Amino acid sequence: LVSAFGPGLEGGTTGVASEFMVNTCNAGAGALSVTIDGPSKVKMDCQEGPEGYKVSYTPMAPGSYLISIKYGGPQHIVGSPFKAKVSGPRLSGGHNLHETSSVLVETVTKTSAMGGAFTSFPMFSSDASKVVSCGAGLSKAFIGQKNTFTVDCSKAGTNMLMVGVHGPKTPCEEVYVKHMGNRMYNVTYTVKEQGSYILIVKWGDENIPGSPFHVIVS
């Protein structure tokens, strides 16, 4: 139901904004995620239009960029990932660098009727690789105790922190995420059975460094 088109999906020039459209008409509400992998970070912008979203990005180094567009979950839309060839002088970025830039938009249901009123949702711009986590609860946990760790997202842009803990048979009993201010989070969880657990920490759509963590419960 979701399609993308425009010159920016095929290529562009360094230092110049390339644009493409993502048509979300009749696809219902969902999260639109656009990730661009390539030789440089790209400056991305996403603007709402009557039939979807106009995405622009400015590459800073020549080469191949992979544009992944997902809607409403982990599935790529038709044609994604798109390969764009960028030419022009290298403005920043090293030769072997592999950089990822992404943008996530919570969208609303759109229909083709022009003149409809659209609610605009916040646009998140974040980089999960800059999230730092620490604490005993990332590697071991004890039955009947509060197991804790901290997650520092202060340098990782704006997004939502998601934490899930799953045991050998069932999810863990309780996960409590408290925002301490300045995008620093304290996470507490309790478990009821022994064994090997998987702990996933995501900043928006992306796993933070180290996630999924393997936790031994004794």
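This report describes the fold, the cores and some local features of one protein chain.

The structure is a predicted model, in which local features need pLDDT of at least 70 and side-chain atom pairs count only at pLDDT 80 or more, while totals for chains, interfaces and linings use all residues. Residues are numbered from 1 along each chain as its sequence is written, and side-chain values use heavy atoms, with hydrogens and water left out.

**Overall picture**

The predictor's confidence in each residue is expressed as pLDDT, on a scale from 0 to 100. For the protein chain the mean pLDDT is 86, and 90% of its residues reach 70 or more. Over residues 111–121, however, the pLDDT is below 50, and this stretch has 16 contacts in the model beyond near neighbours in sequence. A contact means heavy atoms within 4.5 Å.

The protein chain contains zero helices and 19 strands. Both kinds of element are DSSP runs numbered from the N terminus: helices are H or I runs of at least four residues, and strands are E runs of at least two. Of the 218 residues, 42% count as buried. Buried means under 20% relative accessible area, exposed means over 50%, and partly exposed lies in between, with a 1.4 Å probe and protein chains only. The protein chain exposes about 11200 Å², and carbon and sulfur atoms supply 56% of this area. Accessible areas come from the Shrake-Rupley method with a 1.4 Å probe; for residues, only the protein chains shown count as cover. Among contacts between residues at least 6 apart in sequence, 66% join residues at least 24 apart.

**The nonpolar cores**

A nonpolar core is a set of buried Ala, Val, Leu, Ile, Met, Phe, Trp, Tyr and Cys residues joined through side-chain atoms within 4.5 Å. The largest such core has 25 residues, and those with the most contacts inside it are F20, V34, I67 and I69. Strands β3, β4 (31–38), β5, β6, β7 (63–71), β8 (82–87) and β9 (99–106) each supply at least two residues of this core. Its largest share, four residues, comes from β7. A second, separate core of 24 residues includes A128, V151, L161 and L199.

Leaving aside neighbours within four places in sequence, I67 is in contact with residues including F20, V34, Y57 and P81.

**Strand β6 and its partners**

Strand β6 (residues 52–58) is mostly covered, with six of its seven residues buried. Two strands pair if DSSP finds at least two bridges between them. Strand β3 (residues 18–23) pairs with β6 in the antiparallel sense over six bridges, and F20 stands opposite V55 in β6. Strand β5 (residues 43–49) also runs antiparallel to β6, joined by seven bridges. G49 has G52 in β6 as its bridge partner, and a hairpin joins β5 to β6 through two residues.

T58 lies in strand β6. T58 counts as buried because its relative accessibility is 16%. Not counting residues up to four places away in sequence, T58 touches G15, V16, A17, K41, V42 and K43.

**An aromatic pair and a residue in β11**

Rings of Phe, Tyr and Trp (its six-membered ring) pair if their centres lie within 6.5 Å; planes under 30 degrees apart count as stacked, over 60 as edge-to-face and the rest as tilted. By this rule the count comes to three aromatic pairs. One of them, edge-to-face, is formed by Y185 and W203, at 6.2 Å centre to centre and 65° between the planes. Y185 belongs to strand β16 (residues 184–190) and W203 to strand β17 (residues 195–203), 18 residues apart. Both Y185 and W203 are buried.

S133 is placed in strand β11 (residues 132–134). The C-alpha atoms of S133 and M184 are separated by 9.7 Å, although these residues are 51 residues apart along the chain.

**Backbone features in loops**

Most residues other than glycine have a negative phi, and most peptide bonds are trans. The table lists four features of the backbone.

| Feature | Angle | Place |
|---|---|---|
| Cis peptide bond, S80 to P81 | omega about 0° | P81: loop between β7 and β8 |
| Cis peptide bond, S211 to P212 | omega near 0° | P212: loop between β18 (206–207) and β19 (213–217) |
| Positive phi, N182 | about 55° | N182: loop between β15 (174–181) and β16 |
| Positive phi, R183 | near 55° | R183: loop between β15 and β16 |

N182 is exposed because its relative accessible area is 61%, whereas R183, at 29% relative accessibility, counts as partly exposed.
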